[in-house]
Amino acid sequence: MRKRTPVTTWRSFHKSYKACVAQNFSDYESIKQNYKSEVPEYFNFASDVLDNWTRMEKDGKKPSNPALWWIDDEGSEVKWSFEELGVFSKKVANILSDACGLKKNDRVIVILPRIPEWWLINVACIRAGIVLIPATSQLTAKDIHYRLQASKAKCIITSDTLAREVDSVVSDCHFVKTKLIVPEGRLDGWLNFKDLFKAACEDHTCVKTKSEDPMTIFFTSGTTGFPKMAQHTHCSYGIGHVVTGRYWLDLTPSDIIWTFSDTGWAKCAWTNVFAPWIQGSCVFIHRMHRFDAPTVLNVLCNYPITTFCMAPTGYRMLVQHNVAGNKATCELHVCSQLKFATDNIREDS
């Protein structure tokens with residue numbers, strides 16, 4: 001990426017990338033030669049991108065799709081516009097700064113399943129300049145201890161399911177000052193997210209962040225040794241994933257994208273946060289506790305998903321599933337209209 005000064009705003013960013021325009025790989029060589037990424041000195045994804053979509057939403061200049069559309073197996077549903085995402089994330093940013101005592105460049109480990117609060121905390125960290133370290137809910141106490149020690153995180157945010165695992169190791173992690181339990185639950189020594197959110201102020205001034213300031217850290221899988229930290233900046237994800245959203249996923253503000261990914265993996269950030277919201281698309285989430293082919297097909301039939309992203313193994317499971325007794329005609333009609341953003345499935349799957 002080329003670095004450009006002086007400071008540019010989202011208006012020039014938006015104009016440069018033509019974020020609302022769908023781009024297909026009809027001529028790869030031409031796109032490769034002509035594409036240039038310009039990086040401003042200062043950039044913050046929350047204020048420069050998300051808040052701009054809020055303004056366009058208020059002015060009626062974008063489709064009425066929500067920013068986040070979340071459902072679960074119990075029939076619960078959450079729909080947030082970009083304006084609501086902005087308001088709620090500002091409240092959470094105040095929680096992190098005030099109740100949790102976090103400052104710019106402090107690190108926080110977040111271990112949560114696919115619940116709406118995970119997205120709020122992501123955006124809130126960006127607003128407050130706090131470095132987010134996502135982690136999978138599959139971690140053991142030993143894994144959590146290692147990550148707390150290695151990262152020197154000052155705060156850990158998790159659910160009541162893992163809170164006791166954290167308590168079993170946190171006394172040895174002297175950098176940790178605050179523990180926050182989400183979305184609810186009460187344990188000694190833990191702040192309660194639900195109570196804090198109700199009382200939090202909606203006014204928040206976004207921290208001024210440079211493009212090269214640290215924004216998030218992912219731990220590697222550790223298959224060849226201890227997991228290592230991989231740091232990403234505000235521009236590497238907030239601007240870098242223009243390519244993902246505009247070209248690979250071919251998203252527009254009218255699209256609704258459903259991506260299967262654990263919240264602890266970088267894939268979730270790529271296609272459940274940055275790529276779609278750069279393009280003003282709707283992020284669709286189903287909190288499925290385990291993969292279930294009939295449920296996936298039913299969701300595809302009953303919700304207006306336009307872009308579906310999943311590992312090839314998942315597609316094979318869908319293809320191999322006996323859809324004859326599961327509204328086969330409807331499922332196959334809907335699936336045929338989706339843009340399957342992954343490797344092709346072999347005919348002999």
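What volume does the largest cavity have? It comes to about 90 Å³. Keep in mind that this is a predicted model, and let's take a look around, starting with that enclosed space.

## The cavities

There are two cavities of 30 Å³ or more here. Of these, the largest cavity, at about 90 Å³, is lined by 13 residues. If you want to find its centre, look for Asn122, Leu132, Met215, Thr216 and Phe274, which are the closest lining residues to that point.

Which elements give two or more residues to this lining? They are α5 (116–128), β6 (131–135), β10 (214–219) and α11 (266–278). Helix α5 gives the most, with four residues. As for the kinds of residue around the cavity, 11 are nonpolar and two are polar, while no charged residue takes part.

## The largest pocket

Now for the open side of things. The largest pocket holds about 420 Å³ of space. It has 16 lining residues, and those closest to its centre are Arg114, Gln138, Asp262, Met288 and His289.

The mix of classes is worth a glance too: the pocket lining has six nonpolar residues, six polar ones and four charged ones. Compare that with the lining of the largest cavity, where the charged count is no residues at all.

## Two helices that cross

Packed helix pairs are described by the angle between their axes and the distance between those axes. Take helix α3 (residues 45–58) and α11: their axes come within 10 Å and cross at roughly 60°. That angle is why α3 counts as oblique to α11. The crossing of α3 past α11 is left-handed.

Which residues make the contact? On the α3 side they are Phe45, Val49, Leu50 and Trp53, and on the α11 side they are Val273, Phe274, Trp277 and Ile278. By class, this contact has eight nonpolar residues, with no polar and no charged ones. You have met Phe274 already, among the residues closest to the centre of the largest cavity.

## Two backbone oddities

Most peptide bonds are trans, and most residues other than glycine have a negative phi. Two spots in this model go the other way.

One is the peptide bond from Val182 to Pro183, which is cis, with omega near -5°. Pro183 sits in the loop between β8 (178–181) and β9 (191–192). The other is Asn105, which is not a glycine yet has a positive phi of about 75°. To find Asn105, go to the loop between α4 (82–99) and β5 (107–111).

Technical notes:
Residues numbered from 1 in each chain as written. Predicted model: local features only at pLDDT ≥ 70, side-chain atom pairs only at ≥ 80, totals over all residues. Heavy atoms only, no water. 1 Å grid on protein atoms, 1.4 Å probe; cavity = no way out; pocket = protein on both sides within 12 Å on 5 of 7 lines; lining within 4 Å. Points joined across faces, edges and corners; volume = space filled by probe spheres on them. Nonpolar A, V, L, I, M, F, W, Y, C, P; charged D, E, K, R; others polar. Axes fitted to C-alpha atoms, helices over the stretch in contact; angles between N-to-C directions. Parallel < 35°, antiparallel > 145°, perpendicular 65-115°, else oblique. Left-handed = near helix turned anticlockwise from the far one by under 90°. Contact = heavy atoms within 4.5 Å.
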